[in-house]
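Work through the exercises below with the structure open beside you. Try each task before reading its solution.

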Amino acid sequence: MRRKGRPSTEVEVDMTPMIDMTFLLIIFFIIVTDLSQQELEELKLPVARSAVEDKPPEFRPILNVLMDGSIIIKKETYYEPGIDTGGRMDPVRQGKPDYYWKLADFLALKIVPFMNKEVDEVLKMELPDDPILIRADRNTPFKYIQRIMEVCSREGIHIWKVELAAAETPEAKAKRLAEQSR
Amino acid sequence: MGRHRPEVSNETEMEMTPMIDVVFLLLIFFIVTLKFKTLEGKLEAALPKDRGTATSPAEPIEKIEIVVTVANPGILQPDPKAKKAKIYVGRVVNYTIGTFKTQAIDSLREHLEKLKRGAAELPPVSLSPRRNVINGDVIPILDVVIETGFEEIAFTGDFEDES
């Protein structure tokens, strides 16, 4: 039985195309968003012509070094000016507080045990064969990078392969873009 | 009256609104977090393998030591070419190899090429950055050294104390 009622003014909107489009957009953004970029802090790298393209190995820590020397690995700070040393003493510098204990612990316990090792003929010792990437701002005083290198050579770490991140030169970038568009 | 038997309505009206809400939220999330992949490169270097808690004895091999010192630190100013970045304006850096001293990266390159031609065997190069040298001073030198064709590159020098 038909009810006598108000004339239906409601227009049925077909949602399907919109939902299709929206899903497509989402899928696009999921693909484009590179989660590995999360490890990279926002900083300005120095430029270098001879920089080789970085194909990140599976297991390599990225040490972001900010202008004030703070070290950030995967969004966690491992050194910052005025870090609490908790009374630890530097194993290399006699009588100095160990400001880099957190980085040293991280490298010795979380990184080095999982690195490939190779026996060095001269030293008759097993050394890690994998690199670390130091990604420092162009204005970072180099002493902070040297301190990281010093930590790398500590007992129980002995990382000797370091990579310094650099950006491509404007000319190289223009050339690459020209080649891509061709 | 031959009335049709009312069809059993299998169609349940789906409530679309919450799904569309969630989908839009997801979409906005991905748009906001989107950061296009920036192409970054790297320069490879090696540290002395034998440095432990003790300092290593001097190596007998002839090596090229590039000492980097700051002649004029310059003034830190906002970089006109990049937003949210700063740059030292008027910065001058000295490069010293033995008695050779220059402030231009190109003459350093020439000198290194001369040294490379004159050497029977490719000597190792060590970079020794001194006080107040920044990363942006060292990378161009490393760049030149790699471009010139030297293979063994290490960092040495006095590790500055906390200031």
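**Exercise 1. Classify A:Arg138, then find its partner.**

Start with accessibility. A:Arg138 has a relative accessibility of 14%, so this residue counts as buried. The cut-offs are these: buried means under 20% relative accessible area, exposed over 50%, and partly exposed in between (1.4 Å probe, protein chains only).

Before going on, note the ground rules. This is a predicted model, in which local features need pLDDT of at least 70 and side-chain atom pairs count only at pLDDT 80 or more, while totals for chains, interfaces and linings use all residues. Residues are numbered from 1 along each chain as its sequence is written, chains are lettered from A and ligands numbered from 1 in the order written, and side-chain values use heavy atoms, without hydrogens and water.

Next, look for the partner. B:Asp79 forms a salt bridge with A:Arg138, with the closest N and O atoms 2.7 Å apart. A salt bridge here is a side-chain nitrogen of Lys or Arg within 4 Å of a carboxyl oxygen of Asp or Glu.

Now place both ends. B:Asp79 sits in the loop between strands S3 (75-78) and S4 (86-89) of chain B, and A:Arg138 in the loop between S7 and H3 of chain A, so the pair joins two chains. Helices (H or I, at least four residues) and strands (E, at least two) are DSSP runs, numbered from the N terminus.

Finish with B:Asp79. Its relative accessibility is 11%, so B:Asp79 counts as buried.

**Exercise 2. Trace the salt-bridge network around A:Asp90.**

Begin with the total. Over all chains, the structure holds twelve salt bridges.

Take one pair. A:Asp90 and A:Arg147 meet through their side chains in a salt bridge (3.4 Å, N to O). A:Asp90 lies in the loop between S4 and helix H2 (101-111) of chain A and A:Arg147 in helix H3 (residues 142-152) of chain A, so the pair ties together parts that are 57 residues apart in sequence. Both A:Asp90 and A:Arg147 are buried.

Take another pair. The side chains of A:Arg154 and A:Asp90 also meet in a salt bridge (3.8 Å, N to O). A:Arg154 lies in the loop between H3 and S8 of chain A and A:Asp90 in the loop between S4 and H2 of chain A, so this pair ties together parts that are 64 residues apart in sequence.

Check the cover. A:Arg154 is buried, with a relative accessible area of 7%. A:Asp90 counts as buried at 5% relative accessibility.

**Exercise 3. Which strands pair with S5 of chain B?**

Set the scene. Chain B has three helices and eight strands. Their order from the N terminus is α-β-β-β-β-β-β-α-β-α-β.

Locate S5(B). This strand covers residues 92-97, and five of its six residues are buried.

Find the partners. Strand S2 (residues 64-72) of chain B and S5(B) run antiparallel, joined by five bridges. Strands count as paired if DSSP finds at least two bridges between them. B:Val93 in S5(B) is the bridge partner of B:Val70. S5(B) also runs antiparallel to strand S6 (residues 100-102) of chain B, with three bridges. There, B:Tyr95 stands opposite B:Thr102.

Inspect the turn. S5(B) and S6(B) form a hairpin with two residues between them. In the turn, B:Gly98 has a positive phi of about 60 degrees.

**Exercise 4. Find positive phi values outside glycine.**

Recall the rule. Most residues other than glycine have a negative phi.

Now list two exceptions. A:Lys74 has a positive phi of about 45 degrees although not a glycine. A:Lys74 lies in the loop between strands S3 (71-73) and S4 (76-79) of chain A. At 56% relative accessibility, A:Lys74 counts as exposed. B:Asn132, also not a glycine, has a positive phi of about 65 degrees. B:Asn132 is in the loop between strand S7 (125-129) and helix H3 (135-148) of chain B.

**Exercise 5. Is strand S8 of chain A buried or exposed, and what does it pair with?**

Count cover. Six of the seven residues of S8(A) (residues 161-167) are buried, so this strand is largely enclosed by the rest of the structure.

Then find the pairing. Strand S7 (residues 132-136) of chain A and S8(A) pair in the parallel sense over three bridges. A:Ile134 has A:Leu164 in S8(A) as bridge partner.
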